[in-house]
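Ready to practise reading a protein model? Take a pencil, and work through each exercise before you look at its solution.

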Amino acid sequence: MNKEYYKSAFSMVCPSEEAIERVLSMTETRKKTFRHKGLIIVLAVIAALICGTFTVNAATDGKLFGNIRVVLNGEEVNPEEHNIKCKAYVDDEGNKIAIVGTYDSNGNLQGACASGSIGAFNKIHDGNYDKLLEENVDSFSEDKDADLDVNIDDTTTETGGHCTNVQMDYK
């Protein structure tokens with residue numbers, strides 16, 4: 001097409017003021033607004049909380065969701081501060097067993113007891129509670145979601161010995 005014909009054909013066209021304003025407004029750069037900004041912020045906060053929860057659970061070796069409470073002589077205590085280990089196990093059939101052991105300052109097992117389903121005890125043949133307090137045994141795996149209350153009453157006898165009563169409630 002010839003440029004001269006094009007120029008002569010459109011040289012007589014005169015746009016209105018309204019048309020000029022529309023053309024200019026289309027050429028201006030507009031800041032794009034994002035409508036779902038609040039929703040994305042809420043989702044980011046929820047994702048951060050979930051990640052933080054799982055991080056804390058991993059850092060505490062699963063103790064965030066598992067709830068093992070130890071009451072020693074009527075006072076709730078941190079078991080590690082009193083050389084007490086508590087573990088809860090469950091097997092693939094749903095049999096549950098809880099093991100509580102007390103240790104001396106050298107890390108030697110002083111005494112232990114277990115509570116749980118008959119099916120669980122039938123599977124543990126050697127009764128090696130020390131091994132159970134350290135690692136998973138046979139078909140049992142640690143129950144990270146256990147809800148376990150351990151009440152220990154330890155009294156000193158007249159001869160200097162100890163009389164210990166342990167009650168476990170594995171829910």
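Five exercises follow, each with a worked solution.

A note before you start: this is a predicted model, in which local features need pLDDT of at least 70 and side-chain atom pairs count only at pLDDT 80 or more, while totals for chains, interfaces and linings use all residues. Residues are numbered from 1 along each chain as its sequence is written, and side-chain values use heavy atoms, with hydrogens and water left out.

**Exercise 1. Describe the protein chain as a whole.**

Step 1: Begin with the helices (DSSP runs of H or I, at least four residues) and the strands (DSSP runs of E, at least two), both numbered from the N terminus. The protein chain has 5 helices and 8 strands.

Step 2: Put them in sequence order. The pattern reads α-α-α-β-β-β-β-β-α-α-β-β-β.

Step 3: Turn to burial, where buried means under 20% relative accessible area, exposed over 50%, and partly exposed in between (1.4 Å probe, protein chains only). Of the 171 residues, 21% count as buried.

Step 4: Look at contacts, meaning heavy atoms within 4.5 Å. Among those between residues at least 6 apart in sequence, 46% join residues at least 24 apart.

**Exercise 2. Find the largest nonpolar core and its best-connected members.**

Step 1: Recall the term: a nonpolar core is a set of buried Ala, Val, Leu, Ile, Met, Phe, Trp, Tyr and Cys residues joined through side-chain atoms within 4.5 Å. In soluble globular proteins, nonpolar side chains tend to be buried together.

Step 2: Pick out the members. The largest nonpolar core has 14 residues, and Val70, Val100, Val150 and Ile152 touch the most other members. Two or more residues of this core come from each of strand E1 (67–72), strand E3 (84–91), E4, E7 and E8.

Step 3: Check for another core. Apart from this one lies a core of 6 residues, including Ile97, Ile99, Tyr103 and Phe140.

Step 4: Zoom in on Ile152. Beyond its neighbours within four places in sequence, Ile152 is in contact with residues including Val70, Ile84, Val100 and Val166.

**Exercise 3. Which residues and strands line the second largest pocket?**

Step 1: Know what to look for. On a 1 Å grid over the protein atoms alone, a pocket is an open set of points where a 1.4 Å probe fits, with protein on both sides within 12 Å along at least five of seven lines; lining residues have an atom within 4 Å of a point.

Step 2: Name the lining. There are 16 lining residues, and Ile84, Thr102, Ile152, Asp154 and Thr164 lie nearest the centre of the second largest pocket.

Step 3: Assign them to strands. Strand E4 (96–103), strand E5 (109–116), strand E7 (147–156) and strand E8 (162–170) each supply at least two lining residues. E5 gives the most, with 4 residues.

**Exercise 4. Which two asparagines have a positive phi, and where are they?**

Step 1: Keep the usual case in mind. Most residues other than glycine have a negative phi.

Step 2: Take Asn73. Its phi is positive, about 50°, and Asn73 is found in the loop between E1 and strand E2 (75–77). Asn73 counts as partly exposed because its relative accessibility is 44%.

Step 3: Take Asn83. Its phi is near 55°, and Asn83 sits in the loop between E2 and E3. Its relative accessibility is 36%, so Asn83 counts as partly exposed.

**Exercise 5. Is Phe140 buried or exposed, and what does Val166 contact?**

Step 1: Locate Phe140 in strand E6 (residues 140–142). Phe140 counts as buried because its relative accessibility is 3%.

Step 2: Compare chain and space. Phe140 and Gly94 are 46 residues apart in sequence, and their C-alpha atoms are 9.6 Å apart.

Step 3: Move to Val166 in strand E8. At 28% relative accessibility, Val166 is partly exposed. Leaving aside neighbours within four places in sequence, Val166 is in contact with Cys113, Val150, Asn151 and Ile152.
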